[in-house]
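Here are my notes for you, written so that you can follow along with the model open. Take them one point at a time and find each residue as you go.

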Amino acid sequence: MRIDPAPGVRAASGTAPLRDGFGRRVTYLRLSVTDRCDLRCTYCMPERMQFLPKREVLSLEELYRLSLGFIARGMTKIRLTGGEPLVRRDVVDLVRALGRTLGDGLEELTLTTNATQLAGHAGAIADAGVRRINVSLDTLDRDRFVRLTGRDRLDDVLAGIEAAKRAGLSVKINTVALKGINESEISELIRWAHGQGHALTLIEVMPLGEVEHDRIDHFLPLTAMRERLEGEFTLRDSDHATGGPARYADIAETGGRLGFISPLTNNFCAGCNRIRVTATGQLYPCLGGGERVDLRAALRSDDPDGNLARALDEAMRIKPEGHDFRIDRRGAAPAQQRHMSVTGG
Ligand code: SAM
Ligand code: SF4
């Protein structure tokens, strides 16, 4: 399938850079291309996850037009995510179409994937102009992988990571640190990732959407994890910064970089530069907030360009200063009923 360029949207959606009510420039779009997934990570979604009806999901052409509208408003980085982006048929066409806009406003196009299907797509993704990808991997143990994701796909994931490396993609591994599940394996994961030349970032589990257990049972504060790692490794705080929520340290023993994303123990909202759009075109200016703007309605209206411009202005007006995640009470409702796989992780 071919996605036709739609330069009209860029011209007509306005050119004023996006800036929220707190003066923060918003330059980073995380765009979910599907809420569906071929894994069922226990902290992310239940086995019987209710997916959105396909008719509600934006077409690839609409996702492309929307992206152009964002680029025209100063978005310099787009990350495709989901759900699992690579389960969406023909998603590589969207990657190619967006890749052609690199250097013309868009500075970076990237992707977050579970890598189950990466082996078949890594070459095309790299050819489209993607340079770096994030791969989520929480364990290298096959049985634990099956327990954690509900599927026996570790070999596919490792083959995907290998293929990405061969294709010249820089890979960052993202690992959710989970008490009683993979906490004993974190240092091994770090050694493995760094040994392969990949950076690794640890993430605290967030209270987003109902799952089949209480997240408090597996919440592992990264402050504690870091202390533990310091008993084994020499960590030196790094001034490496991506403009995102991660804080980095270099590990002397491995020569690699370790990131920490601690939304609960170290709130990172002050410098937030991002917004998220779901596969149905709902813009959430905050991962942890309920504020929302319907871009699909704008896109499908009789004045798509004007309405999209107004919708983006509205999103900037309602973007909150930050979230207030907590995992401190058994049985508490999630901060949002929306799963991370819907908002776009
Ligand atoms: N399926 C792709 C993947 O797993 O990389 C992309 C979407 S996934 C929602 C993006 C990231 O969100 C993954 O790194 C995953 O581990 C993380 N994630 C999902 N649910 C989470 C939660 N409740 N708390 C913290 N991280 C979560
Ligand atoms: Fe799927 Fe990613 Fe959620 Fe795991 S974290 S279930 S791979 S969307």
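Which kind of link do the side chains of K77 and E108 meet in? Keep that in mind while you start on point 1, and remember throughout that this is a predicted model.

1. **The K77 and E108 pair.** It's a salt bridge: the side chains of K77 and E108 meet with 3.9 Å from N to O. K77 sits in strand β2 (residues 77-82) and E108 in strand β3 (residues 108-113), so this pair ties together parts that are 31 residues apart in sequence. Have a look at how covered the two partners are. K77 counts as buried, at 13% relative accessibility, and E108 counts as buried too, at 19%. As a bit of background, side chains of opposite charge can pair when their charged atoms come close.

2. **Two more pairs, and a network.** A search of the whole structure turns up 18 salt bridges, so I'll just pick out a few. D93 and R96 form one of them, at 3.1 Å from N to O. These two residues are 3 apart in helix α3 (residues 91-99), which means about one helical turn separates them. Here the partners are not covered alike: D93 is buried at 13% relative accessibility, whereas R96 is partly exposed at 38%. D250 and R257 make another salt bridge, this time at 3.6 Å from N to O. D250 is partly exposed, with a relative accessible area of 31%, and R257 is partly exposed as well, at 29%. Finally, find D38, R153 and D156, which are linked in a network of salt bridges.

3. **The nonpolar core.** Now turn to the inside. The largest nonpolar core has 98 residues, and the ones with the most contacts inside it are F70, L80 and L295. Helix α2 (residues 60-72) gives this core its largest share, 7 residues. In soluble globular proteins, nonpolar side chains tend to be buried together. Zoom in on L80 for a moment. Setting aside neighbours within four places in sequence, L80 is in contact with L31, V33, P85, L94, V95, L98, L109, T110, L111 and T112.

4. **The surroundings of ligand 2.** Which residues surround ligand 2? You should find C37, L39, C41, C44, M45, G83, N114 and S341 there. Sorted by class, this shell has 5 nonpolar residues, 3 polar ones and no charged ones. Check C41 while you are in the area: at 16% relative accessibility, C41 counts as buried.

5. **The cysteines.** How many disulfides does the count come to? The count comes to 0. Try C272 as a worked example. The cysteine sulfur closest to that of C272 belongs to C269, but the two are 6.6 Å apart, so they are too far from each other for a bond. C272 itself is buried, with a relative accessible area of 19%.

6. **E84 in its loop.** Is E84 buried or exposed? E84 lies in the loop between β2 and α3, and with a relative accessible area of 2% E84 is buried. Leaving aside its neighbours within four places in sequence, E84 is in contact with T34, R36, C37, D38, T113 and N114. You've already met some of these names: C37 and N114 are among the residues surrounding ligand 2, and D38 belongs to the salt-bridge network with R153 and D156. For a distance to try yourself, go from E84 to L312: they are 228 residues apart along the chain, and their C-alpha atoms are separated by 26 Å.

7. **Two backbone angles to check.** Most residues other than glycine have a negative phi, and most peptide bonds are trans. With that in mind, look at D90, whose phi is near 65 degrees, a positive value in a residue other than glycine. D90 is in the loop between β2 and α3 and counts as partly exposed, at 33% relative accessibility. A115 also has a positive phi, near 75 degrees, and is not a glycine. A115 is found in the loop between β3 and α4 (122-127). At 0% relative accessibility, A115 counts as buried.

Conventions. Residues numbered from 1 in each chain as written. Chains lettered and ligands numbered in written order. Predicted model: local features only at pLDDT ≥ 70, side-chain atom pairs only at ≥ 80, totals over all residues. Heavy atoms only, no water. Near = heavy atom within 4 Å. Nonpolar A, V, L, I, M, F, W, Y, C, P; charged D, E, K, R; others polar. Core = buried A, V, L, I, M, F, W, Y, C linked by side-chain atoms within 4.5 Å. Buried < 20%, exposed > 50% of the residue type's maximum accessible area, 1.4 Å probe, protein only. Helix = DSSP H or I, 4+ residues; strand = E, 2+ residues; numbered from the N terminus. Contact = heavy atoms within 4.5 Å. Disulfide = S-S within 2.5 Å. Salt bridge = Lys/Arg side-chain N within 4 Å of Asp/Glu carboxyl O.
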